[in-house]
Amino acid sequence: MGLPELLADAAKGRYAVGYFESWDIYSLEATIAAAEAERSPVIIGIGGLSANHEWLSSVGVELYGAACAALARRSSVPTGILFNEAENFTEAAAALGAGYNSVMMHTQGWSWDRLIADTAALTAAAHGLGITVEGEVGALAEMSIDGQIDTSIGAMTEVSQAVDFVKETGVDYLAVAVGNVHFVTSDYVPTIRVDRIHEIGESVDVPLVLHGGSGTPADQMQAAIAAGITKINVGTRLKHVFGNALREAVGPDSGNDPNLLFGSRLPEDVNTRAGQALTTEIRRLMQVFGSSGKATR
Ligand SMILES: [Zn+2]
C-alpha cells in the first residue's frame, strides 16, 4: 500500500507506522511476521546509510525491491515499501520501478542548492511513476560505535526551512531533526523537541517522520506521535537484537548439522531463531507506536 494512505490513516488514528529497516530475507520476513501478528500496518525496505553502495547499485537495490514487492503482495496487512537513505540521486533513481513505492535520499551535509535541486528532480521522476518521496531538512547527530555522540554534524530543522523545502521540492513526507540521533546502541537518552515537531506540523501540510527510533525511549516516541509524527524509522536497534540472538544461536550448543543450521528455515536454523527475536522486538515497538490492531484496510 502507498505511504500516503498509510500515514493519513496514522494521522487520523493518532499512531505512527514503523519503518523497520531490514537487510536480508530473514529480517524482512521477520518484519512482516511481526506486522501480521500485531495486525499492524508496516513499512518494509532497505537503507543505504551504512550499506555497500557498489552492491546496491550493481544488484542490491533491484534484488531487494523485488523481494520486498513479493512479500508485500502476500502480506495480510497494509505494507509500504521504502528505499531509505540513498546516497545520492542516482542511487535513489535506481529504486524507481524496482518494487519500492517510496524513496528517500540521505542529504546530510548537502548545500541548500543541491538539496533543493536533487530532491526536486527525484520528486519529479518518482511522481511520474506514482512513487512518493521522503525529504529531509536538518541533520541528525550520530552515535559512533564507541558511544560518542557527534553533534557537530547535526542541525535542528528550522520551521522556515521546512516550509521552503516542502514548497520548492514537492516532497510527500518530511523527516525532521528535532533532537533525534542516528545509530544509538547505548542507553544514551536524546531529548526530542516536541514543541518543534508541533511547530513544523502546523506550518507544512505533509506527514512528518522521525528517524533515530533506535535510541528514543518509548515515552518520547509517544510524545512525538502526539505532536504529529506519523512514521518512525528504526534500524540500528533491530540489527543489535538480531545480532545478539544470532551470536547465541551459533554458540557451542547449536548442533553440527550445517544443513539444518543454515538456510533450512526449520527451528534449528540460526537465522530463523534470530528472526524470531527480531519479530518479538518489532511487535513491542508496534505497541509503543500504537499501530497494533490498526490494519483495518
Ligand atoms: Zn535514518
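**Entry 1: helix α5 and its cover**

I began with what covers the buried residues of α5 in this predicted model. The cover includes α4, β4, β5 (132-137) and α6 (159-169). Next I listed the residues being covered: the buried ones in α5 are L115, I116, T119, L122, T123 and A126. Looking down the axis of α5, I found these buried residues within an arc of 145°, so they line one face of the helix. I then turned to the other side of α5, where D113 and A124 are exposed.

I also checked the span of the helix. Helix α5 runs over residues 112-127, which makes 16 residues. From its first C-alpha to its last it reaches 22 Å, close to the 22 Å expected at 1.5 Å a residue.

**Entry 2: the zinc ion**

Which residues coordinate the zinc ion? I found E85 through OE, H182 through NE2 and H211 through ND1, at 2.1 to 2.2 Å. Along the chain, I read the spacing of these donors as E-x96-H-x28-H. E85 lies in strand β3 and H182 in strand β9 (residues 181-182), so this pair ties together parts that are 97 residues apart in sequence.

Are E85 and H182 buried or exposed? E85 has 4% relative accessibility, which is under the 20% cut-off, so I noted E85 as buried. H182 is buried too, with a relative accessible area of 6%.

I looked at the backbone of E85 as well. Its phi is positive, at about 55°, although E85 is not a glycine. I marked this residue for a second look in the viewer, as E85 is also a zinc donor.

**Entry 3: aromatic pairs**

How many aromatic pairs does the structure hold? I noted three, and I wrote up two of them here.

W23 and F242 form an edge-to-face pair, with 5.2 Å centre to centre and 85° between the planes. This pair links distant parts of the chain: W23 sits in the loop between β1 (17-20) and α2 (25-38), while F242 belongs to helix α9 (residues 236-249), 219 residues apart. I compared the two partners for exposure. W23 is partly exposed, with a relative accessible area of 24%, whereas F242 counts as buried at 5% relative accessibility.

F83 and Y100 form a tilted pair, with 5.6 Å centre to centre and 50° between the planes. Here, too, the pair links distant parts of the chain, 17 residues apart. I placed F83 in strand β3 (residues 79-86) and Y100 in the loop between α4 (89-94) and β4 (102-105). Both F83 and Y100 are buried. A link back to the previous entry: E85 also lies in strand β3.

**Entry 4: arginines over rings**

Where does the charged end of R114 sit? I found it over the ring of W110, 3.6 Å from the ring centre. The charged end of R265 sits over the ring of Y26, 4.0 Å from its centre.

I stayed with R265 a little longer. This arginine lies in the loop between α10 (258-261) and α11 (270-289). Its phi is positive, at about 65°, although R265 is not a glycine. For exposure, I noted that R265 counts as partly exposed at 42% relative accessibility.

Definitions and conventions:
Residues numbered from 1 in each chain as written. Predicted model: local features only at pLDDT ≥ 70, side-chain atom pairs only at ≥ 80, totals over all residues. Heavy atoms only, no water. Phe/Tyr/Trp six-rings, centres within 6.5 Å; stacked < 30°, edge-to-face > 60°. Helix = DSSP H or I, 4+ residues; strand = E, 2+ residues; numbered from the N terminus. Buried < 20%, exposed > 50% of the residue type's maximum accessible area, 1.4 Å probe, protein only. Lys NZ or Arg CZ within 6 Å of the ring centre and 35° of its normal. Donors = N, O, S within 2.8 Å, 3.2 Å for Na, K, Ca; no water. Expected span 1.5 Å × (residues − 1). Arc of directions from axis to C-beta. Contact = heavy atoms within 4.5 Å.
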